[in-house]
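Work through the exercises below with the coordinates open. Try each task before reading its solution.

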Amino acid sequence: MSDDGHERNGSGHEHVPGRQRRRFPGISSRAYEHPADRSALVALRRLSGFDTVFKALSGLLPERSLRLLFLSDSVRVSDEQFAHLNDMLRDACYILDLEKVPPMYVTQDPQPNAMCIGLDEPIIVVTTGLVELLDEEEMRAVVGHEVGHALSGHSVYRTILLFLTSLALKVAWIPLGNLAIMAVVTALREWFRKSELSADRAGLLVGQDLRASMRGLMKIAGGNHLHEMNVDAFLRQAEEYESGGDLRDSVLKILNVLPRSHPFTTVRAAELKKWAESRDHQRIMDGHYPRRSEDKDTSVGDSFRESAASYADDVKSSKDPLMKLVTDLAGGAGGLGGRVRRGFDGFTSPPPPKDAGPRDAD
């Protein structure tokens, strides 16, 4: 590390961002974590014996095999290989003040993807499909996204999720065994979807270019055809997805998202734009954020209350028909039975004529 805070390689070249970006010394991952993600992590970190259990479990997981596989059959990012990605990785770690730069690999796969896995130490893997799809600033946001996963400790739970998903397939013939594992996998997937929103925020803190983050998400959804796409129209898709349809569509949305580890791309874009315009994001950019040195004093109860408040706010502000119904139910709104029947119009019998006699209350 040089006196001005920038790392230099053996030839004396600096690893610096393409433009000046703010740095966040000592930043805690709590600064950018989604409340639901944060509450789960705080609870797990404070759970007595948690680290011991997972270290014991690591002996059962194929982590060593994964590391050897990437080492032998992928390209390790360095000053000599994919040097531009290596610069981005160092910059991301410098901006988020992650002391140890995790190893990063590029693996041959046309599917655009990236992940951060590992129990003992995180490793970052990006596919050739992603490298070829994104420009420099878009890729910088993705690298920041994965470094955010590493800083939050997500790699541990992602590795567990991958292991359990694989195990569920192997024991699918055991009726109760598969159900038990899939219950845990479903819960982990719900947490991981929220962790992806957290990592998107970390990517924005690293790239500090909302337009680049939006472009990257659009490309992941629609390919390398930016001249055919529009950010505003893309965000309107998220609005239509959330508010359109009736209760049947709300149920289908839940069923569609359950098997996924990531939120839908339009939803991620809308969530990131909302956070980028929030006071929380502005405070971080102004240098006011929680520090890692304060993590040990974090209250589990406060984190859970923040998570519950976040879910409550999401329900209240949601335009989804089912969420509106939940809000009405909580508020004891009149005519609720009628709204349920209208929501499932086509699944229920037609309402009685207006001149029909009085009926008993539902």
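The exercises go from the whole chain to the sheet, then to helix packing and single residues.

**Exercise 1. The chain as a whole**

Task: State what kind of model this is, how many helices and strands the protein chain has, and what share of its residues is buried.

Solution:
- Step 1. The model is predicted.
- Step 2. Count the secondary structure: the protein chain has 16 helices and four strands.
- Step 3. Take the burial. Of the 362 residues, 43% are buried.
- Step 4. Look at contact range. Among contacts with a separation of 6 or more, 72% join residues 24 or more positions apart.

**Exercise 2. Strand order and pairing**

Task: Give the strand order of the sheet and name the edge strands.

Solution:
- Step 1. The four strands form an open sheet in the order 1-2-4-3, and the pairing is mixed.
- Step 2. Strand 1 (75-76) and strand 3 (114-117) pair on one side only, which makes them the edge strands.
- Step 3. Strand 1 is antiparallel to strand 2 (residues 104-107), with two bridges. Here Val 75 faces Val 106.
- Step 4. Strand 2 and strand 4 run parallel and share four bridges. Tyr 105 is opposite Val 125 in this part of the sheet.
- Step 5. Strand 3 and strand 4 are antiparallel, again with four bridges. Ile 117 has Ile 123 as its bridge partner.
- Step 6. A general point: strands of a sheet pair through backbone hydrogen bonds, in a parallel or an antiparallel sense.

**Exercise 3. The hairpin**

Task: Which two strands form a hairpin, and which residue in the turn has a positive phi?

Solution:
- Step 1. The hairpin consists of strand 3 and strand 4, with five residues between them.
- Step 2. The turn residue is Gly 118, whose phi is about 125 degrees.

**Exercise 4. Burial of strand 4**

Task: Decide whether strand 4 is enclosed or open, and check its two faces.

Solution:
- Step 1. Apply the cut-off: buried means under 20% relative accessible area.
- Step 2. Five of the five residues of strand 4 are buried, so the strand is largely enclosed by the rest of the structure.
- Step 3. Split the faces. Ile 123, Val 125 and Thr 127 lie on one side, with Ile 124 and Val 126 on the other, and both sides are covered.

**Exercise 5. Two helix pairs**

Task: Classify the packing of helix 9 on helix 10 and of helix 4 on helix 6.

Solution:
- Step 1. The axes of helix 9 (residues 210-222) and helix 10 (residues 231-243) come within 11 Å and cross at roughly 65 degrees. Helix 9 is therefore roughly perpendicular to helix 10.
- Step 2. The crossing of helix 9 with helix 10 is left-handed.
- Step 3. Helix 9 contributes Met 214, Leu 217, Met 218 and Ala 221, while helix 10 brings Val 231, Phe 234 and Leu 235. That contact has seven nonpolar residues, no polar and no charged ones.
- Step 4. Helix 4 and helix 6 have axes 9 Å apart and an angle of about 50 degrees. Helix 4 is therefore oblique to helix 6.
- Step 5. Helix 4 passes helix 6 in a right-handed crossing.
- Step 6. Residues of helix 4 in this contact include Leu 85, Met 88 and Asp 91, and those of helix 6 include Glu 136, Met 139 and Arg 140. The tally is eight nonpolar, one polar and three charged.

**Exercise 6. Positive phi outside glycine**

Task: Place Phe 82 and Gln 208, and say whether each is buried or partly exposed.

Solution:
- Step 1. Phe 82 is in the loop between strand 1 and helix 4 (83-95). Its phi is positive, near 50 degrees.
- Step 2. At a relative accessible area of 29%, Phe 82 is partly exposed.
- Step 3. Gln 208 sits in the loop between helix 8 (175-207) and helix 9. Its phi is near 55 degrees, also a positive value.
- Step 4. Gln 208 has 18% relative accessibility and so counts as buried.

**Exercise 7. A loop proline**

Task: Where is Pro 112, and which residues does it touch?

Solution:
- Step 1. Pro 112 belongs to the loop between strand 2 and strand 3.
- Step 2. Leaving out residues up to four places away in sequence, Pro 112 touches Thr 127, Gly 129, Leu 130 and Leu 133.
- Step 3. With 26% relative accessible area, Pro 112 is partly exposed.
- Step 4. Pro 112 and Ala 221 are 109 residues apart in sequence, yet their C-alpha atoms are 9.9 Å apart.

Note on methods
Residues numbered from 1 in each chain as written. Predicted model: local features only at pLDDT ≥ 70, side-chain atom pairs only at ≥ 80, totals over all residues. Heavy atoms only, no water. Axes fitted to C-alpha atoms, helices over the stretch in contact; angles between N-to-C directions. Parallel < 35°, antiparallel > 145°, perpendicular 65-115°, else oblique. Left-handed = near helix turned anticlockwise from the far one by under 90°. Contact = heavy atoms within 4.5 Å. Nonpolar A, V, L, I, M, F, W, Y, C, P; charged D, E, K, R; others polar. Pairing = 2+ DSSP bridges. Buried < 20%, exposed > 50% of the residue type's maximum accessible area, 1.4 Å probe, protein only.
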